[in-house]
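Q: Please take a close look at the salt bridges in this predicted model, and set them against the rest of the chain. Which residues are linked in a network of salt bridges?

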Amino acid sequence: MTQRQNGSKRESWNIDKPTSKTENQEFGKGEKGIIICGVCGAAHFKKRWYHGLEKINSENQNLPVVFKLCPACIQIQSRQYEGRIILENVPKKFESEITNFVNAYGKRAYDRDPMHRVIALKKNKEGLMITTTENQLALKLSRKLKQMFAKVVKDISFSPGPSDVVYITIKF
Ligand SMILES: [Zn+2]
């Protein structure tokens, strides 16, 4: 498990949110350079993550580069998530539709922001479980699923977890 230095609160990585102190410490407030994630290749520059070094303005591409894991890859490697959706009692006939939709949704989110990812979609004894790196992504995705299956969804519930984690249950 990866522990942050302050140990307690895990920060959200929504780029719309002002950067927190933790984030600044972790990604070097003083560092003027670029961070590249050795796993996914995302590049961090001026508080934003981009899809690789080539997406950063060329005049800045010569700045010093350090290699570190990005927050999304840290989360995935340490088996953490910020959003979890469990779909209970999904009728078998909807399973592939849901899988395809979730995969496409995750891809679009990632295309817009490399830190926004659907981590996994798994079938377990509770039902279909979707995990995401970002809580807002899970909330939006769950509302979309509820809309898509409005006729068969019986209930949706949200509960906040520790830090910024959100747990969502959709009952069919
Ligand atoms: Zn990464």
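A: A residue is called buried here when its relative accessible area is under 20%, exposed when that value is over 50%, and partly exposed in between. By this measure, buried residues account for 46% of the 172 residues in the protein. The coordinates come from a predicted model, with an average pLDDT of 85 and with 82% of the residues scoring at least 70. Over residues 1–25 the pLDDT is below 50, although this stretch still has 44 contacts in the model beyond near neighbours in sequence.

Some context for the salt bridges comes from the fold. The secondary structure comprises four helices and nine strands, and from the N terminus these elements follow the order α-β-β-β-β-α-β-α-β-β-α-β-β. Of the contacts between residues at least 6 apart in sequence, 59% join residues at least 24 apart. The accessible surface of the protein is about 9,900 Å², and 51% of this area belongs to carbon and sulfur atoms.

Three salt bridges are present in the structure, and the network you ask about links Lys 92, Glu 95 and Lys 123. Glu 95 takes part in both of the contacts described next. With Lys 92, Glu 95 forms a salt bridge in which the closest N and O atoms are 3.5 Å apart. With Lys 123, Glu 95 forms a salt bridge whose closest N and O atoms are 3.0 Å apart. This second pair links distant parts of the chain, since Glu 95 belongs to helix 3 (residues 95–112) and Lys 123 to strand 6 (residues 118–124), with their positions 28 residues apart in the numbering.

The accessibilities of the three partners are worth setting side by side. Glu 95 has a relative accessibility of 16% and therefore counts as buried, because the cut-off for that class is under 20%. Lys 92, in contrast, counts as exposed at 63% relative accessibility, and Lys 123 likewise counts as exposed, at 53%. The network thus joins a buried Glu 95 to an exposed Lys 92 and an exposed Lys 123.

The remaining pair is formed by Asp 111 and Lys 107, whose closest N and O atoms are 3.0 Å apart. These two residues are four places apart in helix 3, so about one helical turn separates them. Asp 111 is partly exposed, with a relative accessible area of 44%, whereas Lys 107 is exposed, at 52%. Helix 3 therefore carries Asp 111 and Lys 107 as well as Glu 95 of the network.

The loop before helix 3 also deserves attention. Asn 89 is located there, between strand 5 (83–88) and helix 3, and its phi is near 55 degrees, a positive value in a residue other than glycine. With a relative accessible area of 58%, Asn 89 is exposed. A comparable backbone feature appears at Ser 163, which is not a glycine and yet has a positive phi of about 55 degrees. Ser 163 sits in the loop between strand 8 (155–160) and strand 9 (166–171), and with a relative accessible area of 34% it is partly exposed.

Elsewhere in the chain, a zinc ion is held by another set of side chains. Its protein donors are the SG atoms of Cys 37, Cys 40, Cys 70 and Cys 73, lying 2.3 Å from the ion. The angles among the four donor atoms run from 104 to 113 degrees, and the site is tetrahedral. Along the chain the donors follow the spacing C-x2-C-x29-C-x2-C. Two of these cysteines can be described by accessibility: Cys 37 is buried, at 2%, while Cys 40 is partly exposed, at 26%.

A further loop position completes this survey. Asn 60 is placed in the loop between strand 3 (48–50) and strand 4 (65–67), and with a relative accessibility of 19% it counts as buried. Leaving aside neighbours within four places in sequence, Asn 60 is in contact with Ile 34 and Phe 45.

To return to your request, the network consists of Lys 92, Glu 95 and Lys 123, and within it the pair of Glu 95 and Lys 123 is the link between helix 3 and strand 6.

Methods. Residues are numbered from 1 along each chain as its sequence is written. This is a predicted model: local features need pLDDT of at least 70, side-chain atom pairs count only at pLDDT 80 or more; totals for chains, interfaces and linings use all residues. Side-chain values use heavy atoms; hydrogens and water are left out. A salt bridge is a side-chain nitrogen of Lys or Arg within 4 Å of a carboxyl oxygen of Asp or Glu. Buried means under 20% relative accessible area, exposed over 50%, partly exposed in between (1.4 Å probe, protein chains only). Contact means heavy atoms within 4.5 Å. Accessible areas come from the Shrake-Rupley method with a 1.4 Å probe; for residues, only the protein chains shown count as cover. Donors are N, O and S atoms within 2.8 Å of the metal (3.2 Å for Na, K and Ca); water is not among the atoms, so sites may look incomplete. Four donors count as tetrahedral if all angles lie between 85 and 135 degrees; four count as square planar and six as octahedral if opposite donors are over 155 degrees apart and all others between 65 and 115; anything else is irregular. pLDDT is the predictor's confidence in each residue, from 0 to 100.
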